[in-house]
Amino acid sequence: MTLKSAMNSGSVDLLSPDDSFLVRSSVVRLRLRAQAELDPLHILDFSDGFLIKFLRARDMDVELSLKLMLNYQRWRRESPEISGCLSPRSVSALLDNGYHGVLPLRDHSGCRVLVYRICRWNPKDWTAIQVFRVSLMTSEVIAMETETQQRGVKVIFDLEGWSFSHALQINPSLARKISSVLVDSFPLKVKAIHLINEPIFFGPVFAMLRPFLPDKIKKRVHMHGFNYHDSLTDFFPTSLLPPEYGGEGPGLEGVCQQWANRLLQSERLLEQILNFTNWYFSSEASSDSLQSPLPAQMLWT
């Protein structure tokens, strides 16, 4: 029986502890493959924790995990306007306005559920790039969680308030970079995307994103429209959903404020991630930089 078939049959626990034989052996193999793939001058002593989140995101498949890790590094290098700032304080006013939150409970499959409210994003105050950074910050934080690494995330985009001012900020280049994160450039599994309150003129923006999405992701996009209360509960239990979406869970105002506090408390962690990746990319440009000023062990252990 192959590892993949063993996982599919349930004979391998995908939530194996970090010190299990499955995880440890996969980490060793991925580290060796990374060392063989990367320029010797730029090899990073990746800690177990860093490698494990890529392995879990690809069901312990070493080759797919290596591809994901290289895509992640390439995306950050090619998107400095997005990834160059991971400070929650830089978007604290947007967070305090209740734009984004993570529901406190997981869904029936163990997924984290993220909520974004377009009506709380004023495009006169915040660019699409700044807004997308919020998603990147949250992704980096929850990617540290063992269960999230394996189970993945589901997203609810509440498009109430979507206007032409929002649409004009989404160009093909940004659409491609956003799609890359959803598809193959970040160690999180996107299990479902739910759109609610989407107006007719949101269509052109989605049409811009659609060509960059593989069929697997396209099938995971659910458009609920304005009468979403009944259809949304077909996917999520009412105990999970906030009252604003027909559920019995905590209200969105409190959820968003709690998550804003969580991100602000993660400022130092996000700063370390940023400094670490900035060093890596600068070392690619200069072979004289052979030693990291911020050891990987500080970040991932």
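Here is a walk through this predicted model, from its sheet to its cores and then to some of its helices and loops.

Let us begin with the sheet. It is an open one, made of 5 strands in the order β1-β2-β3-β4-β5, and the pairing is mixed. The two edge positions belong to β1 (100–102) and β5 (221–225); each has a single partner strand, so one side of each has no neighbour in the sheet. Going from one strand to the next, the twist averages 15°. As a general point, strands of a sheet pair through backbone hydrogen bonds, and they may do so in a parallel or an antiparallel way.

Both kinds of pairing can be seen around strand β2 (residues 112–117). With β1, this strand pairs in the antiparallel sense over 3 bridges. To find this pairing on the structure, look for H100, which stands opposite Y116 in β2, and for V102, whose bridge partner in β2 is L114. With β3, the arrangement is parallel, and 6 bridges join β2 to that strand. One residue to look for here is V113, which has K154 in β3 as its bridge partner.

Is β2 mostly covered or mostly open? It is mostly covered, with 6 of its 6 residues buried. R112, L114 and Y116 point one way from the strand, while V113, V115 and R117 point the other way. Both sets are buried.

Next, turn to helix α7 (residues 128–142). This helix packs on the sheet, where it touches β1, β2 and β3 (153–158). The direction of α7 makes about 165° with that of β2. A residue worth finding in α7 is S139. S139 has a relative accessible area of 8%, so it counts as buried, the limit being under 20%. Leaving out residues up to four places away in sequence, S139 touches F186 and L188.

Helix α7 also leads us to the interior. The largest nonpolar core of the model has 67 residues, and those with the most contacts inside it are M69, Y99, W121 and W162. It is α7 that gives the most to this core, with 8 residues. A second, separate core has 13 residues, including V113, V115, I156 and L240. V113 and V115 are already familiar, as they point to the same side of β2.

W121 deserves a closer look. Beyond its neighbours within four places in sequence, W121 is in contact with L94, Y99, W126, T127, A128, V131, W162, H166 and Q169. Two of these, Y99 and W162, are also listed with W121 among the residues with the most contacts inside the largest core.

Now for a pair of helices. The axes of helix α2 (residues 21–37) and helix α3 (residues 48–57) come within 10 Å and cross at roughly 100°. That makes α2 roughly perpendicular to α3. Which residues meet where these helices touch? From α2 come V23, R24, S26, V27, L30 and R31, and from α3 come D48, L51, I52, L55 and R56. By type, the residues of this contact divide into 6 nonpolar, 1 polar and 4 charged.

Helix α3 is itself mostly covered, as 8 of its 10 residues are buried. These are F50, L51, I52, K53, F54, L55, R56 and A57. Among them, L51, I52, L55 and R56 are residues that meet α2.

Finally, some loop residues call for attention because of their backbone. Most residues other than glycine have a negative phi. After α3 comes D59, whose phi is positive, near 55°. M60 also has a positive phi, near 65°, and is a residue other than glycine. The place of M60 is the loop between α3 and α4 (62–78). With a relative accessibility of 3%, M60 counts as buried.

Another example is N197, which is not a glycine and yet has a positive phi of about 60°. You can find N197 in the loop between β4 (190–196) and α11 (203–209). Is N197 buried or exposed? N197 is buried, with a relative accessible area of 8%.

Key:
Residues numbered from 1 in each chain as written. Predicted model: local features only at pLDDT ≥ 70, side-chain atom pairs only at ≥ 80, totals over all residues. Heavy atoms only, no water. Axes fitted to C-alpha atoms, helices over the stretch in contact; angles between N-to-C directions. Helix = DSSP H or I, 4+ residues; strand = E, 2+ residues; numbered from the N terminus. Parallel < 35°, antiparallel > 145°, perpendicular 65-115°, else oblique. Contact = heavy atoms within 4.5 Å. Nonpolar A, V, L, I, M, F, W, Y, C, P; charged D, E, K, R; others polar. Core = buried A, V, L, I, M, F, W, Y, C linked by side-chain atoms within 4.5 Å. Buried < 20%, exposed > 50% of the residue type's maximum accessible area, 1.4 Å probe, protein only. Pairing = 2+ DSSP bridges.
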